[in-house]
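Visitor: Could you take me in for a close look at one part of this model, the second largest pocket, and then show me some of what else is around in the fold?

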Amino acid sequence: YYNVTGQFEVAGVSFPARYQVVEADPVDEKKRLINEAHAQGIADAVKGKPARIVSAATARKENHPPLPYNLLKLQTDASRKYGYKPDETLKITQGLYERKLVSYPRTDSCHLTSAISDEFMKMLKPIALIPELKATAEAVMKDAAVLTKISKDKTYVDDKKVSDHYAITPTKMKPNLSQLSEKERNIYTLIAKRFLAIFLPPLVTNKTKIITTVDGKHDFVSNGSVLVSKGFMELYKY
């Protein structure tokens, strides 16, 4: 397939855009140009021609914190971030479980139960021992309102969506980080971050869509985003 892109400038600001196909264009099932000569013809027709913006709209988008881990999602992130194989991740997590540092690992649920939500404060205290998470965990523990809010939020706490075991979380047992191996610390920190994240605000961005028409005949679309607030993604700068 072929793309036709353009670079436009308005009031000294330059921005890229992609040609917006119309019904008469030869396209595939994903609305992509499939004829090279046709695509080149569009490029030749618009090159150097006057352009004007015909619409510009901005919408606020919020990305809320993800659910706590089940085993599969933990294995996926451990593989992506550290290159650990699924069996290795399970073995490490099982070891942490046997030392009572994390909850039962062989779970397919990403939700928490209302019973465990009563323990949120105790579960957050060990997280504060991780240097990179200390300030955030302590701030959450001081915010009684957010603890209450999440304990009642069915996005995360829903008994009906938990089968045999709830999501993988830290327990109230405080770890001695110096006695954990590097791999154990990595997995424990992944689990801790994911749990801590549910108490934090969403990631907020402003999404802008601009349609620019060239010579009044061909439309080009630009999509951009501006970060408003990192929210829970502050945890993942480490």
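Guide: Sure. Keep in mind that this is a predicted model. The second largest pocket has a lining of 13 residues, and those nearest its centre are Ile-116, Tyr-166, Pro-170, Thr-171 and Lys-172. The space inside comes to about 170 Å³. As for the character of the lining, 7 of its residues are nonpolar, 3 are polar and 3 are charged.

Now step along the chain to Thr-169, which sits in the loop joining α7 (144-151) to α8 (182-197). Is Thr-169 buried or exposed? With a relative accessible area of 1%, Thr-169 counts as buried, because the cut-off for that is under 20%. What does Thr-169 touch, once neighbours within four places in sequence are set aside? Its contacts are Leu-101, Val-102, Ser-103, Leu-112, Met-123, Ile-191 and Phe-195.

Since that loop starts from α7, let's look at the helix too. Val-146, Leu-147 and Ile-150 are the buried residues to pick out in α7. They span an arc of only 105° around the axis, so they fall on the same side of α7. Turn to the face pointing away from that buried side and you'll find Ala-144, Ala-145 and Lys-149, which are exposed. And what do the buried residues of α7 pack against? Their partners are two helices, α5 (120-124) and α6 (134-141).

Key: Residues are numbered from 1 along each chain as its sequence is written. This is a predicted model: local features need pLDDT of at least 70, side-chain atom pairs count only at pLDDT 80 or more; totals for chains, interfaces and linings use all residues. Side-chain values use heavy atoms; hydrogens and water are left out. On a 1 Å grid over the protein atoms alone, a cavity is a set of points where a 1.4 Å probe fits but cannot get out, and a pocket is an open set with protein on both sides within 12 Å along at least five of seven lines; lining residues have an atom within 4 Å of a point. Grid points are joined across faces, edges and corners, and a volume is the space filled by probe spheres set on the points. Ala, Val, Leu, Ile, Met, Phe, Trp, Tyr, Cys and Pro count as nonpolar, Asp, Glu, Lys and Arg as charged, and the others, Gly among them, as polar. Helices (H or I, at least four residues) and strands (E, at least two) are DSSP runs, numbered from the N terminus. Buried means under 20% relative accessible area, exposed over 50%, partly exposed in between (1.4 Å probe, protein chains only). Contact means heavy atoms within 4.5 Å. The arc is that of the directions from the helix axis to the C-beta atoms.
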